[in-house]
Amino acid sequence: IRKAAKGKAAAKRTQRGSSNVFSMFEQSQIQEFKEAFSCIDQDRDGIINKSDLKETYAQLGKLNVKDEELEEMLKEGKGPINFTVFLTLFGEKLNGTDPEDTILQAFKLFDPHGTGLVNKDEFRRLLLTQADKFTEDEVEQAFSVAPIDVAGNIDYKSLCYIITHGDEKEES
């Protein structure tokens, strides 16, 4: 009887622990994370592994990711990375960060040299073809407030500020 009671208590703790991560996000955010998880889980087995990460990076144009780098990412999950673990990792990363910092970190993925700029045409292509695809109108709307230089690069640090604080042009 005692073993069964211990087992039930442990199961409840596990259930409570995993359900908390779902309460950290709104339903729409969970759906977006689920879509992102599905994009990364290339072999659709419900677990993100090294080959899934390698293929995802290849689709984003980064072909020479070192195995050690991928293994470090996977170690953060402390075991197989299913959707609940994936969500927990994002919860840990996002907890306590402000939206501007979160957006900046996302843009940095497209700026491997740390220039503070992303190419408008390449970014357009990604928005139109990857994950939660944008329409042409949505891209044009986003670019209408984006600070784009004469070379066709988006100053994403300024764009992040506009996204999180509003556009001064709109307020006047």
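## A buried aspartate, Asp111

Let us start in the loop between α6 and β1, where Asp111 is found. Please keep in mind that this is a predicted model. Asp111 is buried yet takes part in no salt bridge. Its nearest side chain of opposite charge belongs to Lys157, and that is 6.6 Å away. Because a salt bridge calls for a side-chain nitrogen of Lys or Arg within 4 Å of a carboxyl oxygen, that pair does not count as one.

What does the side chain of Asp111 meet in a polar contact of 2.7 Å? The partner is the side chain of Tyr156. A polar atom of the Asp111 side chain also lies 2.7 Å from the backbone nitrogen of Gly116. With neighbours within four places in sequence left aside, the contacts of Asp111 are Gly116, Leu117, Val118 and Tyr156.

## Helix α9 and its buried side

Tyr156, the partner of Asp111 in that polar contact, leads us on to helix α9, which spans residues 156-165. Which residues of α9 are buried? Tyr156, Leu159, Cys160 and Ile162 are. They cover an arc of only 160° around the axis, so they sit on the same side of α9. A general point about helices helps here: with 3.6 residues a turn, residues three or four places apart point the same way. The cover over the buried residues of α9 includes α6 (99-108), β1 (117-119), α8 and β2 (153-155).

Both ends of this helix are worth a look. The N-terminal end of α9 is capped by Asp155, which has a side-chain oxygen 3.2 Å from the backbone nitrogen of Lys157. After α9 comes Gly166, with a positive phi near 95°.

## Arg124 and the link from α7 to α8

Now to Arg124, which lies in helix α7. Is Arg124 buried or exposed? Arg124 is buried, at a relative accessible area of 18%. Unlike the buried Asp111, which has no salt bridge, Arg124 does form one: the partner is Glu140, and the closest N and O atoms are 2.7 Å apart. Since Arg124 is in α7 and Glu140 is in helix α8 (residues 136-145), the pair ties together parts that are 16 residues apart in sequence. Glu140 itself is partly exposed, with 41% relative accessibility.

Arg124 has a second acidic residue to meet: a polar contact of 3.2 Å joins its side chain to that of Glu136. Setting aside neighbours within four places in sequence, Arg124 is in contact with Glu136, Val139, Glu140 and Phe143.

## Salt bridges within a helix

How many salt bridges does a search of the whole structure find? The search finds eight. One of them joins Arg125 to Glu122, with 2.8 Å between the closest N and O atoms. Arg125 and Glu122 both belong to helix α7 (residues 120-129), where they are three residues apart, or about one turn. Arg125 is partly exposed at a relative accessible area of 36%, and Glu122 is also partly exposed, at 34%.

Helix α4 (residues 67-75) holds a pair of its own, Glu72 and Lys75, three residues apart and so separated by about one helical turn. Their side chains meet in a salt bridge of 3.2 Å, N to O. Glu72 is partly exposed, with a relative accessible area of 46%, whereas Lys75 is exposed, at 55%. There is also a network of salt bridges, which links Lys50, Lys54, Asp67 and Glu71.

## The annotated EF-hand spans and Gly61

For annotation we can turn to UniProt, whose unreviewed entry places the feature "domain: EF-hand" at residues 28-63 and 98-133. In the model, residues 28-63 are 64% helix and 0% strand, and the end C-alpha atoms of this span lie 32 Å apart.

Gly61 is found in the loop between α3 (50-59) and α4. At 56% relative accessibility, Gly61 counts as exposed. Which residue lies 49 residues from Gly61 in sequence but 9.7 Å away in space, C-alpha to C-alpha? That residue is Phe110. With that we are back beside our starting point, Asp111, in the loop between α6 and β1.

How values were computed:
Residues numbered from 1 in each chain as written. Predicted model: local features only at pLDDT ≥ 70, side-chain atom pairs only at ≥ 80, totals over all residues. Heavy atoms only, no water. UniProt positions renumbered as here; feature names shortened; annotations may be inferred. Helix = DSSP H or I, 4+ residues; strand = E, 2+ residues; numbered from the N terminus. Buried < 20%, exposed > 50% of the residue type's maximum accessible area, 1.4 Å probe, protein only. Arc of directions from axis to C-beta. Contact = heavy atoms within 4.5 Å. Polar contact = N/O pair within 3.5 Å; in protein donor to acceptor, adjacent residues only side chain to side chain. Lys, Arg positive; Asp, Glu negative; His and termini not counted.
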